[in-house]
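Reader: I have the sequence and the model open side by side. Please take me through one part of the fold closely, then show me how the rest connects to that part.

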Amino acid sequence: MGHITDATTNEFVPFATVQIKANGALATTQTDFDGYYSIYAQTGDVLVFSFLGMKETTAIVASFKVIDVVMVEDVESLQEVVIVGFSSNSRDISLSFWSS
C-alpha cells in the first residue's frame, strides 16, 4: 500500500501500473485517481512501478507496510505517442406489426 507522485509537479499519478516480480509470480494493480495503490506482497518481493512518460522505478518490500514512490519524467521515451481508438456499437432492433 502507498501512493505514487510525480517528481516534477508533486501531484499524484493516477492509473500507474504496480507489479510484483518475484520467483516467477506476477501480480498487477493500478493506482486509483488519487495515486493510491494496494497490492499483496511478501518481504523481499520486488515492486515495479511504471507509467507512460515516466522512468520505471523498483522497490524491494521490507517489513514496513507503506511504500510511497516518486516517479521521474522520462523525456527520452516520449519521442512519439500514437493513440488508436476503436468503438463498436451494436443494437438489437425488434419490429412488430399487426394486421387484420
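**Strand β1 and its surroundings**

Author: Start with a pairing: H3 has Y36 of β4 as its bridge partner. This is a predicted model, so read each value as computed from that prediction.

β1 covers residues 2–6. Two bridges tie β1 to β4, and the two strands run antiparallel. β1 also pairs with β7: three bridges join them, and here the strands run parallel. In that second pairing, I4 stands opposite V69 of β7.

Put the pairings together and a sheet appears. It is open, has three strands in the order β4-β1-β7, and its pairing is mixed. β4 (36–37) and β7 are the edge strands; each has a single partner, so one side of each lacks a neighbour in the sheet.

Now look at burial. Five of the five residues of β1 are buried, so the strand is largely enclosed by the rest of the structure. The cut-off for buried is under 20% relative accessible area. In a regular strand, side chains alternate between the two faces of the sheet. Both faces of β1 are covered. G2, I4 and D6 are buried on one side. H3 and T5 are buried on the other. For the protein, 27% of the 100 residues count as buried.

I4 leads on to the core. The largest nonpolar core has 15 residues. I4, Y37, L47, F49 and I67 have the most contacts inside it. The elements that give two or more residues to this core are β2 (17–22), β5 (46–50) and β7 (69–71).

Take I67 from that group. Beyond its neighbours within four places in sequence, I67 touches M1, G2 and H3. Its contacts also include Y37, L47 and F49, along with A59 and V61.

F49 leads to another pairing. Four bridges join β5 to β6 (residues 57–60), and these strands run antiparallel. F49 stands opposite T57 in β6. β5 and β6 make a hairpin with six residues between them. In the turn, G53 has a positive phi of about 90°.

E56 is in the loop between β5 and β6. Its relative accessible area is 56%, so E56 is exposed; the cut-off for that class is over 50%. Setting aside neighbours within four places in sequence, E56 contacts V48, F49 and S50. Its C-alpha is 7.7 Å from that of M71, which is 15 residues away along the chain.

Next, the loop between β1 and β2. N10 lies there. N10 is not a glycine, yet its phi is positive, about 60°. At 62% relative accessibility, N10 is exposed.

P14 is in the loop between β1 and β2. At 24% relative accessibility, P14 is partly exposed. The C-alpha atoms of P14 and T31 are 5.5 Å apart, with their positions 17 residues apart along the chain. Leaving out neighbours within four places in sequence, P14 is in contact with T31, D32, F33, G35 and F51.

Two of those contacts, F33 and F51, belong to a surface feature. Together with F15, they form a nonpolar patch with about 340 Å² of accessible area. F33 sits in the loop between β3 (25–30) and β4. F33 has 63% relative accessibility and counts as exposed.

Finally, step back to the whole chain. The protein has seven strands and zero helices. From the N terminus on, the order is β-β-β-β-β-β-β. Among contacts with a separation of 6 or more, 37% join residues 24 or more positions apart. The protein exposes about 7,900 Å², and carbon and sulfur atoms supply 53% of that area.

Back at β1, the picture joins up. β1 sits between β4 and β7 in the sheet order. Both its faces are covered. Its residue I4 is among those with the most contacts inside the largest nonpolar core. G2 and H3 are among the contacts of I67. H3 has its bridge partner, Y36, in β4.

How values were computed: Residues numbered from 1 in each chain as written. Predicted model: local features only at pLDDT ≥ 70, side-chain atom pairs only at ≥ 80, totals over all residues. Heavy atoms only, no water. Core = buried A, V, L, I, M, F, W, Y, C linked by side-chain atoms within 4.5 Å. Buried < 20%, exposed > 50% of the residue type's maximum accessible area, 1.4 Å probe, protein only. Contact = heavy atoms within 4.5 Å. Areas by Shrake-Rupley, 256 points an atom, 1.4 Å probe, with all protein chains shown as cover. Pairing = 2+ DSSP bridges. Patch = residues over 30% accessible without salt bridge, like charges linked within 9 Å, V, L, I, M, F, W, Y side chains within 5 Å. Salt bridge = Lys/Arg side-chain N within 4 Å of Asp/Glu carboxyl O.
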